[in-house]
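Trainee: I would like to learn how to read a protein model step by step. Could we go through one together?

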Amino acid sequence: MSMRSLSLILPIHNSVRHLEKNVDYLVELMPQLVDRFQIIIVDDGSTDGTGDVAQQLAVRYPQVVVAYHDRFRGESGAIESGRKDR
């Protein structure tokens, strides 16, 4: 039986109000779907504290990694960063 794995790229921008709840849900859900997973949060130049929440999530969950943009690059730019960095 082969191991199933998945890397999920999560591009975010000014998502401080929803990020923690959504990542908590994903961390709970993913083991039901795959054997191994990684959630790559790409903070796309947020100005509302989203980066701090993302970093706290990365400390809490070993499956979470964070990449940061110093300015907004858009969804496709964030996805490309998530693909490159891993």
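**Reading the chain, from charges to one helix**

Mentor: Let us begin with charge, keeping in mind that this is a predicted model. The protein chain carries 10 positive and 12 negative side chains, and the centres of these two sets lie 4 Å apart.

Trainee: How many helices and strands are there in the protein chain, and what pattern does the chain follow along the sequence?

Mentor: There are 3 helices and 3 strands, and, read along the sequence, they follow the pattern β-α-β-α-β-α. The radius of gyration is 13 Å, close to the 12 Å that the globule rule gives for 86 residues, so the chain is as compact as a globular protein of that length. Its C-alpha atoms fill a box of roughly 45 × 25 × 15 Å along the principal axes.

Trainee: What share of the residues is buried?

Mentor: Buried here means under 20% relative accessible area, and residues of this kind make up 38% of the 86 in the protein chain. As for contacts between residues at least 6 apart in sequence, 76% of them join residues that are at least 24 apart.

Trainee: How should I read a single helix, and which residues of H1 are buried?

Mentor: The general idea is that an α-helix has 3.6 residues a turn, so residues three or four places apart point the same way. In helix H1, which spans residues 19–29, the buried residues are Leu19, Val23, Leu26 and Val27. They cover an arc of only 100° around the axis, which puts them on the same side of H1.

Trainee: Which exposed residues does the face turned away from the buried side carry, and what do the buried residues pack against?

Mentor: The face turned away from the buried side of H1 carries the exposed residues Lys21, Tyr25 and Glu28. The buried residues of H1, for their part, pack against strand E1 (5–12), strand E2 (36–44), helix H2 (50–60) and strand E3 (64–69).

Trainee: Where does Tyr61 lie, and is Tyr61 buried or exposed?

Mentor: Tyr61 lies in the loop between H2 and E3. To classify a residue, compare its relative accessibility with the cut-off, which for buried is under 20%; Tyr61, at 16%, therefore counts as buried. Leaving aside residues up to four places away in sequence, Tyr61 touches Val23, Asp24 and Val27, and Val23 and Val27 are among the buried residues of H1. Finally, the C-alpha atoms of Tyr61 and Arg83, which are 22 residues apart along the chain, are separated by 20 Å.

Terms used. Residues numbered from 1 in each chain as written. Predicted model: local features only at pLDDT ≥ 70, side-chain atom pairs only at ≥ 80, totals over all residues. Heavy atoms only, no water. Buried < 20%, exposed > 50% of the residue type's maximum accessible area, 1.4 Å probe, protein only. Helix = DSSP H or I, 4+ residues; strand = E, 2+ residues; numbered from the N terminus. Arc of directions from axis to C-beta. Contact = heavy atoms within 4.5 Å. Rg over C-alpha atoms; globule rule 2.2 N^0.38 Å. Lys, Arg positive; Asp, Glu negative; His and termini not counted. Charge placed at Lys NZ, Arg CZ, Asp CG, Glu CD.
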